[in-house]
Amino acid sequence: DNSKFKMSHRKFEAPRKGSLGFLPKKRTKSHTGRIRSFPKDDATAAPHLTAFRGYKAGMTHIVRGVDRPGALMHKREVVDAVSIIETPPMVVVG
């Protein structure tokens, strides 16, 4: 009987290592960020900052108190996931 030498499906023999969301694994063309969208600007207002450049540097968690009267978790502490945004210095021209 040859059944004990039969290989299983590849999914079980050699599972994928890593997420496909991070492909292609290659160096970036430029390390400078881009502002991809701007909010609607009011031309009648005084000149002001409409966008700010930031990079997602990682994630962590915080413990915060819930202050919603009537809610089940009122006056209790909950753990939330948060993103860490790194904002390098900007030079304003104009």
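Lys and Arg count as positive and Asp and Glu as negative, and this convention underlies the first of the close-up views of this predicted model.

**View A. A positive surface patch that includes Arg-16.** Four residues, Arg-10, Arg-16, Lys-17 and Lys-25, together form a positive patch on the surface of the predicted model. One of these residues, Arg-16, is found in the loop that runs between helix H1, residues 10-13, and strand E1, residues 55-65. Arg-16 counts as exposed because its relative accessibility is 57%, and the cut-off for that class is over 50%.

**View B. A nonpolar surface patch that includes Phe-52.** Leu-49, Phe-52 and Met-90 make a nonpolar patch of about 290 Å² on the surface. Phe-52 belongs to the loop between H1 and E1, and with a relative accessibility of 46% this residue counts as partly exposed.

**View C. The salt bridge between Arg-64 and Asp-80.** The structure holds one salt bridge, and this pairing joins Arg-64 to Asp-80, with 2.4 Å between the closest N and O atoms. The two partners link distant parts of the chain, since Arg-64 sits in strand E1 and Asp-80 in strand E2, 16 residues apart. Side chains of opposite charge can pair when their charged atoms come close. Arg-64 is partly exposed, its relative accessible area being 34%, and Asp-80 likewise counts as partly exposed, at a relative accessibility of 27%.

**View D. Lys-75 and its positive phi.** Most residues other than glycine have a negative phi. Lys-75, although it is not a glycine, has a positive phi of about 60°. This residue lies in the loop between E1 and strand E2, the latter covering residues 77-86. Is Lys-75 buried or exposed? Lys-75 counts as exposed, because its relative accessibility reaches 70%.

**View E. Confidence of the prediction along the protein.** For the protein as a whole, the mean pLDDT is 83, and 93% of the residues reach a value of 70 or more. Among the elements of the protein, helix H1 has the lowest mean pLDDT, at 76, whereas strand E2 has the highest, at 93. The strand with this highest mean, E2, is also the strand that holds Asp-80, the partner of Arg-64 in the salt bridge shown in View C.

How values were computed
Residues are numbered from 1 along each chain as its sequence is written. This is a predicted model: local features need pLDDT of at least 70, side-chain atom pairs count only at pLDDT 80 or more; totals for chains, interfaces and linings use all residues. Side-chain values use heavy atoms; hydrogens and water are left out. Patches are made of residues with over 30% relative accessible area and no salt bridge: like charges are joined within 9 Å, nonpolar side chains (Val, Leu, Ile, Met, Phe, Trp, Tyr) within 5 Å. Accessible areas come from the Shrake-Rupley method with a 1.4 Å probe; for residues, only the protein chains shown count as cover. A salt bridge is a side-chain nitrogen of Lys or Arg within 4 Å of a carboxyl oxygen of Asp or Glu. The place of a charge is taken as NZ of Lys, CZ of Arg, CG of Asp or CD of Glu. Helices (H or I, at least four residues) and strands (E, at least two) are DSSP runs, numbered from the N terminus. Buried means under 20% relative accessible area, exposed over 50%, partly exposed in between (1.4 Å probe, protein chains only). pLDDT is the predictor's confidence in each residue, from 0 to 100.
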